[in-house]
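Trainee: I am new to reading models like this one. Can we go through it step by step?

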2 protein chains.
Amino acid sequence: MRYRAGIYDVIVIGAGHAGSEAALASARMGCKTLLLTINLDTIAFMPCNPSIGGPAKGIVVREIDALGGQMGYNTDLTYLQMRLLNTGKGPAVQALRAQSDKASYGRLMKQTLENEPNLTLKQGMVEEILTAGDRASGVRTNTGAEYEGRAIVLTTGTYLRGRIIIGDVSYQSGPNGQLPALKLTDSLIDLGFSLVRFKTGTPPRVNRNTIRFEHLSVQPGDEEPLQFSFRDDIEKREQLNCYLTYTSAATHEIIGENLHRAPMFSGDIEGRGPRYCPSIEDKVVRFKERPSHQVFLEPEGRDTAEWYVQGMSTSLPEDVQVRMLRSIKGLEEVEMLRPGYAIEYDAMVPTQLDLTLETKVIKGLYTAGQINGTSGYEEAAGQGLMAGINAALSVLGREPLILDRSEAYIGVMIDDLVTKGTTEPYRLLTSRAEYRLLLRHDNADARLMEKGYRIGLLPLQRYERFLRKQALIHQEKDRLNKTKVQPDDVHALFTGLSVDQPKVTQSLAQLLRRPEVDYGKIHDLRPSEVELSDEVTSQVEIDLKYEGYVKRQEAEIERQKKLEKKELPVGISFASIRGLSNEAKERLSAIRPRNIGQASRVEGVTPADISVLLIYMESSNKQEVTNG
Amino acid sequence: MRYRAGIYDVIVIGAGHAGSEAALASARMGCKTLLLTINLDTIAFMPCNPSIGGPAKGIVVREIDALGGQMGYNTDLTYLQMRLLNTGKGPAVQALRAQSDKASYGRLMKQTLENEPNLTLKQGMVEEILTAGDRASGVRTNTGAEYEGRAIVLTTGTYLRGRIIIGDVSYQSGPNGQLPALKLTDSLIDLGFSLVRFKTGTPPRVNRNTIRFEHLSVQPGDEEPLQFSFRDDIEKREQLNCYLTYTSAATHEIIGENLHRAPMFSGDIEGRGPRYCPSIEDKVVRFKERPSHQVFLEPEGRDTAEWYVQGMSTSLPEDVQVRMLRSIKGLEEVEMLRPGYAIEYDAMVPTQLDLTLETKVIKGLYTAGQINGTSGYEEAAGQGLMAGINAALSVLGREPLILDRSEAYIGVMIDDLVTKGTTEPYRLLTSRAEYRLLLRHDNADARLMEKGYRIGLLPLQRYERFLRKQALIHQEKDRLNKTKVQPDDVHALFTGLSVDQPKVTQSLAQLLRRPEVDYGKIHDLRPSEVELSDEVTSQVEIDLKYEGYVKRQEAEIERQKKLEKKELPVGISFASIRGLSNEAKERLSAIRPRNIGQASRVEGVTPADISVLLIYMESSNKQEVTNG
Ligand SMILES: Cc1cc2nc3c(=O)[nH]c(=O)nc-3n(C[C@H](O)[C@H](O)[C@H](O)COP(=O)(O)OP(=O)(O)OC[C@H]3O[C@@H](n4cnc5c(N)ncnc54)[C@H](O)[C@@H]3O)c2cc1C
Ligand SMILES: Cc1cc2nc3c(=O)[nH]c(=O)nc-3n(C[C@H](O)[C@H](O)[C@H](O)COP(=O)(O)OP(=O)(O)OC[C@H]3O[C@@H](n4cnc5c(N)ncnc54)[C@H](O)[C@@H]3O)c2cc1C
């Protein structure tokens with residue numbers, strides 16, 4: 001029996017990584033928010049890697065934090081290990097990576113949701129999206145509860161018609177033996193959405209007590225661990241080690257012999273898997289020449305002997321999995337606690353979305369996370385945050401927040417998804433960002449905190465802390481620019497270095513730009529009068545050292561921005577524009593880009609098509625003027 | 001595809017409360033043990049009350065500990081609140097009750113299992129019990145893994161063909177949204193077992209932040225909390241409060257109006273529920289005269305705002321549940337986090353078991369816990385422990401361990417189950433024990449530790465600690481018996497009390513037997529030279545004060561024991577014994593009691609039938625002598 005169960009501003013479906021961020025953002029922005037999820041015991045659950053961050057993804061976590069989201073802080077409070085990756089390389093590719101305490105992470109997120117004012121958390125299985133005309137108006141659960149909402153955020157992850165596959169065994173299931181969502185797909189299809197079938201996979205887990213660590217190489221955490229969150233109230237945590245080993249010739253032989261039993265080759269999996277998170281059988285087939293692959297052994301929690309075997313994602317039959325594992329150095333006698341598996345699920349075709357993550361056909365319905373064809377906790381959280389923000393802004397009658405490709409990895413991801421779509425689970429990579437020198441780990445606050453504060457998500461106190469930091473950076477850069485030093489002053493600095501001695505008077509800033517000079521040297525030479533934190537001085541150093549590159553990228557962005565500013569009329573009929581290629585007509589009609597910039601990134605749209613569009617817009621502007 | 005996955009001494013199916021104890025016992029006794037369970041994330045999960053202990057049950061936990069089991073220790077290390085119940089009443093009904101930290105309890109049990117030598121833990125769904133002739137020989141999982149085992153312990157809880165029911169909604173599911181075990185039932189039926197359909201239920205959970213605590217009565221923990229485990233290395237924990245409130249006339253009205261929607265009345269539930277854990281709708285119907293029922297509000301963990309609403313177990317529709325809750329004082333604006341539900345499942349008819357918990361028809365197959373028709377974590381753990389012990393003893397070629405009704409509540413429970421069977425989920429109650437003055441909370445160690453040590457489960461060090469304690473008790477009782485005091489010596493002790501002054505020389509022991517004297521007074525009068533712990537002195541006091549009663553119960557036990565010693569011949573054909581009533585013939589043939597004592601407790605067997613049996617045995621003994 002149906003019953004009226006309550007009225008909310010925003011209803012979020014699913015408390016995974018996307019849904020948790022969406023619900024917190026909406027509630028913190030003042031919207032009365034409901035969060036419905038299948039099982040309260042699996043909130044923010046990590047069905048795969050117990051880790052957060054890494055290249056590009058780690059930067060997303062900082063961006064989430066800068067906007068006022070939860071993932072970074074939650075990670076800082078629960079991690080097992082923290083590492084800054086690529087410290088040897090430039091700041092553009094540096095990123096934090098945390099080994100997570102899986103259970104603690106989920107429990108802390110649950111607690112955060114439970115204690116958030118404005119937020120109501122409930123266990124419930126949503127079976128239908130309710131609509132009024134072309135607007136979403138609520139949801140109905142399997143117990144007949146009908147909740148009314150002005151905006152709905154859908155974040156069902158891998159649960160829609162989930163099906164687990166291990167070798168020749170398969171059964172309906174959400175990840176990790178959870179109940180799948182079997183009925184919601186029909187509701188989405190009834191609303192007119194196109195869905196695709198994707199798949200992803202996870203490796204086996206093993207018992208630490210049965211690993212031989214003696215001959216494996218240790219992967220320790222950083223001695224001075226950084227943190228994701230831009231806060232100063234976080235205590236450093238004791239770090240656990242990870243370990244590195246490799247697959248052997250025997251491993252590859254076992255896999256080769258059993259390929260006919262691999263569902264991805266036998267045809268039992270219809271879903272498309274993520275190219276950048278391939279299974280081990282996939283890697284062995286695709287990279288025949290590679291004699292071995294890296295395998296990382298990683299703890300899943302402080303209070304468990306269960307370890308994760310990174311690199312060995314597989315849906316081979318269970319017996320093959322055991323043999324495969326035992327052919328790896330250090331795992332000769334390993335006990336497998338649970339087998340790896342693949343999971344197939346329904347996902348939305350993301351080109352059905354606007355840049356706000358609102359669906360184009362059903363107003364007020366937003367989708368975020370794995371349902372949008374992505375893979376990864378950070379990708380999910382980033383989208384969830386933006387969907388939650390935009391749902392709230394729309395309920396509050398305010399302008400949406402759209403992040404530009406030059407402002408955030410989150411912007412790159414969403415633009416990629418809604419503009420280009422994806423034919424496989426989409427993962428963020430550094431290479432997807434054209435302005436990656438700007439989208440750095442270190443400056444996420446400078447890029448986004450003001451926005452976070454403006455929309456009412458980032459609390460004043462954290463924003464003020466940011467402003468103080470920026471002021472110090474500014475002051476110090478100013479001092480470095482203004483303070484001049486004579487060749488004689490810096491003599492000592494350069495003795496012993498095989499570089500030319502400076503011959504003219506220079507500012508400290510100019511000096512700092514030389515590759516062989518770091519901030520420490522400048523400090524030794526002419527220390528600042530105020531004491532500056534590492535956070536400030538490293539920012540000063542990066543800003544000054546990369547000023548040139550950054551300026552060039554900014555100029556490019558300016559050019560591109562002009563195109564992004566050229567907004568396409570809302571009702572524009574691409575089909576009737578003469579001169580556009582047929583392919584462009586089709587694609588543009590499907591994607592309905594907001595502006596010329598976005599239009600230029602649509603697949604199959606050529607520069608010639610863009611010229612046609614620009615000419616068309618100019619002439620129609622003129623017409624308007626003439627007509628007006 | 002099937003594959004040979006390994007050979008073990010003992011295989012335990014299910015890592016609930018029964019299975020965890022069974023696996024630990026077997027492994028600790030030196031058997032190579034495999035523990036298979038559907039989901040490693042729900043080990044020792046509490047789907048209902050987050051609490052351990054209480055009347056009778058709390059004593060079982062002490063018994064488990066005395067034998068070398070885990071439940072008590074695990075509780076001591078994780079509890080939220082500890083209380084000794086019935087402190088005002090005699091020691092026979094006193095029992096400890098802990099409010100559990102649900103998630104921590106499960107995590108700690110998982111860790112304990114993972115780190116136990118001899119024990120292999122694996123995620124796996126068992127679909128078939130394999131046999132060789134009339135012996136269990138192994139199990140097969142859904143991934144085709146065939147594990148060989150010399151003994152199998154089956155502890156599937158409420159998972160066999162589990163079905164969740166909330167009002168008019170029902171779906172296949174294990175408890176708490178876990179995957180149910182759909183195929184194992186068929187295997188059990190194929191082996192010739194009779195199964196019954198039982199059901200149990202759980203109340204809704206609510207968000208603490210929406211409870212109005214102001215007018216509710218606080219239920220604090222004990223200031224000096226005791227512990228379940230007989231150890232001295234356990235730190236006391238900070239205690240959380242519980243709260244008491246009551247259902248109102250409005251609650252009962254809401255229920256009354258919606259009874260037609262209650263599945264237990266509309267006929268949608270076929271399973272039999274536990275009489276002693278009734279649902280609220282059941283209570284309202286059965287106790288029409290009661291204007292209200294107690295409702296306890298209890299935390300589920302230190303790191304969650306989720307609270308348990310004890311007393312409100314229900315399978316009414318979700319909308320009724322919300323209204324019902326909000327009609328209770330303090331819950332006027334409560335947010336329900338998850339609804340209550342009923343769950344139906346298949347259970348074994350326990351009369352198919354021997355007192356060792358081995359099934360009579362399939363040798364080497366033991367069953368324990370909820371599958372045997374019981375309800376409750378402690379009942380499950382107690383049986384699991386005994387099944388694990390007996391499986392191990394049989395593999396080791398040693399005599400089984402059977403606890404007598406006069407030795408342990410565990411003995412009472414198992415004897416009840418296998419001798420009388422049960423027509424509803426069986427729960428331990430103080431009233432089920434005929435010798436409850438002996439089966440006390442305080443003396444579980446004295447009753448069982450020697451047995452625990454003898455079978456190789458209780459470690460020497462803990463046994464020695466026990467022996468030291470017993471020696472101190474013995475010494476002190478001796479001193480109290482030997483030390484005489486004159487009427488004058490005790491004058492001060494009795495001034496102000498409205499009782500007669502002692503008029504003759506008495507031993508301290510005699511003095512202590514007087515109701516108005518406690519050990520403290522004795523201590524003030526003639527202190528012991530050695531310092532004695534509370535544990536010791538309270539034992540001395542109870543032993544002396546209740547000596548008379550205890551002696552009488554012991555005499556009764558002696559009489560009964562004689563009957564229990566009269567073993568019935570293994571192949572005895574009850575059907576052919578002349579003089580037995582037809583009902584007795586039928587029942588005895590089905591139950592196949594081991595001895596006259598057990599036979600006398602079989603339902604439908606009269607004292608006349610017992611006389612017939614005794615005469616029959618005497619004459620057949622004579623015959624044997626004549627024949628021999
Ligand atoms: C087996 C497996 C392997 C993976 N491997 C990788 C990997 O190697 N690398 C990687 O980056 N990522 C991997 N992922 C992906 C990663 O887990 C997800 O990207 C991430 O969890 C997605 O977050 P989400 O919030 O979109 O969805 P989820 O975290 O899946 O959360 C979905 C939430 O929605 C709820 N829900 C679903 N349907 C309903 C409904 N009808 N009503 C109410 N609630 C509902 C669920 O209960 C759940 O809380 C893997 C995932 C799985 C399952
Ligand atoms: C909704 C609900 C309400 C309850 N209410 C009460 C109450 O009010 N009072 C009370 O005292 N008790 C109550 N109980 C009962 C209590 O939960 C159980 O008595 C106790 O948990 C039983 O322990 P167990 O070990 O027998 O089974 P469980 O704790 O259920 O454990 C069973 C284990 O077996 C595993 N398993 C099952 N099938 C298979 C298979 N085929 N292969 C491998 N593994 C398998 C499962 O994964 C699980 O780990 C309730 C239970 C439920 C579900």
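Mentor: Start with a term. A polar contact is a pair of N or O atoms within 3.5 Å; within protein, one must be able to donate a hydrogen and the other to accept it, and residues adjacent in sequence count only if both atoms are side-chain atoms. Now the ground rules. This is a predicted model, where local features need pLDDT of at least 70, side-chain atom pairs count only at pLDDT 80 or more, and totals for chains, interfaces and linings use all residues. Residues are numbered from 1 along each chain as its sequence is written, chains are lettered from A and ligands numbered from 1 in the order in which they are written, and side-chain values use heavy atoms, with hydrogens and water left out.

Trainee: Which residue has a backbone N or O atom 2.8 Å from an oxygen atom of ligand 1?

Mentor: Look at the polar contacts of ligand 1 one by one. A nitrogen atom of the ligand is 2.9 Å from a backbone N or O atom of A:Val126. Another contact uses a side chain: an N or O atom of A:Ser375 is 3.3 Å from a nitrogen atom of ligand 1. The backbone contact to an oxygen atom of ligand 1, at 2.8 Å, belongs to A:Gly376.

Trainee: How much of ligand 1 does the protein bury?

Mentor: Accessible areas come from the Shrake-Rupley method with a 1.4 Å probe; for residues, only the protein chains shown count as cover. Taken alone, ligand 1 exposes 980 Å². The share of this that the protein buries is 97%.

Trainee: Which element gives the most to the shell around ligand 1?

Mentor: The shell holds 35 residues, A:Cys48 and A:Gln370 being among the closest. A residue is near a molecule or strand if one of its heavy atoms lies within 4 Å of it. Helices (H or I, at least four residues) and strands (E, at least two) are DSSP runs, numbered from the N terminus. With three residues, the top contributor is β12(A).

Trainee: How do the residues around ligand 2 divide into nonpolar, polar and charged?

Mentor: Ala, Val, Leu, Ile, Met, Phe, Trp, Tyr, Cys and Pro count as nonpolar, Asp, Glu, Lys and Arg as charged, and the others, Gly among them, as polar. Ligand 2 has 35 residues around it, and B:Ala18 and B:Thr37 are among those that come nearest. The split is 18 nonpolar, 16 polar and one charged.

Trainee: Which side chain has an N or O atom 3.1 Å from an oxygen atom of ligand 2?

Mentor: Sort the contacts by atom type. B:Thr200 puts a polar side-chain atom 3.4 Å from a nitrogen atom of ligand 2. B:Gly376 uses a backbone N or O atom, 2.8 Å from an oxygen atom of the ligand. The side chain at 3.1 Å is that of B:Lys57.

Trainee: What area do chain A and chain B bury between them?

Mentor: The size of an interface is often given as the accessible area lost when the parts come together. Buried area is the accessible area (1.4 Å probe) that two parts lose on being put together, summed over both. Contact means heavy atoms within 4.5 Å, and here it takes 48 residues from chain A and 48 residues from chain B. Carbon and sulfur atoms carry 41% of the buried area, which is about 4100 Å².

Trainee: How many salt bridges cross the interface of chain A and chain B?

Mentor: A salt bridge is a side-chain nitrogen of Lys or Arg within 4 Å of a carboxyl oxygen of Asp or Glu. One example joins A:Glu306 and B:Lys110, with the closest N and O atoms 2.3 Å apart. The interface also has 38 residue pairs in polar contact, both at pLDDT 80 or more. The number of salt bridges across it is eight.

Trainee: Which residue offers its backbone oxygen to the side chain of A:Lys545?

Mentor: First place A:Lys545: helix α17 (residues 534–545) of chain A. Beyond its neighbours within four places in sequence, A:Lys545 is in contact with residues including A:Leu512 and A:Arg514. Its C-alpha atom is 8.1 Å from that of A:Pro515, 30 residues apart along the chain. The backbone oxygen, 2.6 Å from a polar atom of the A:Lys545 side chain, is that of A:Val517.
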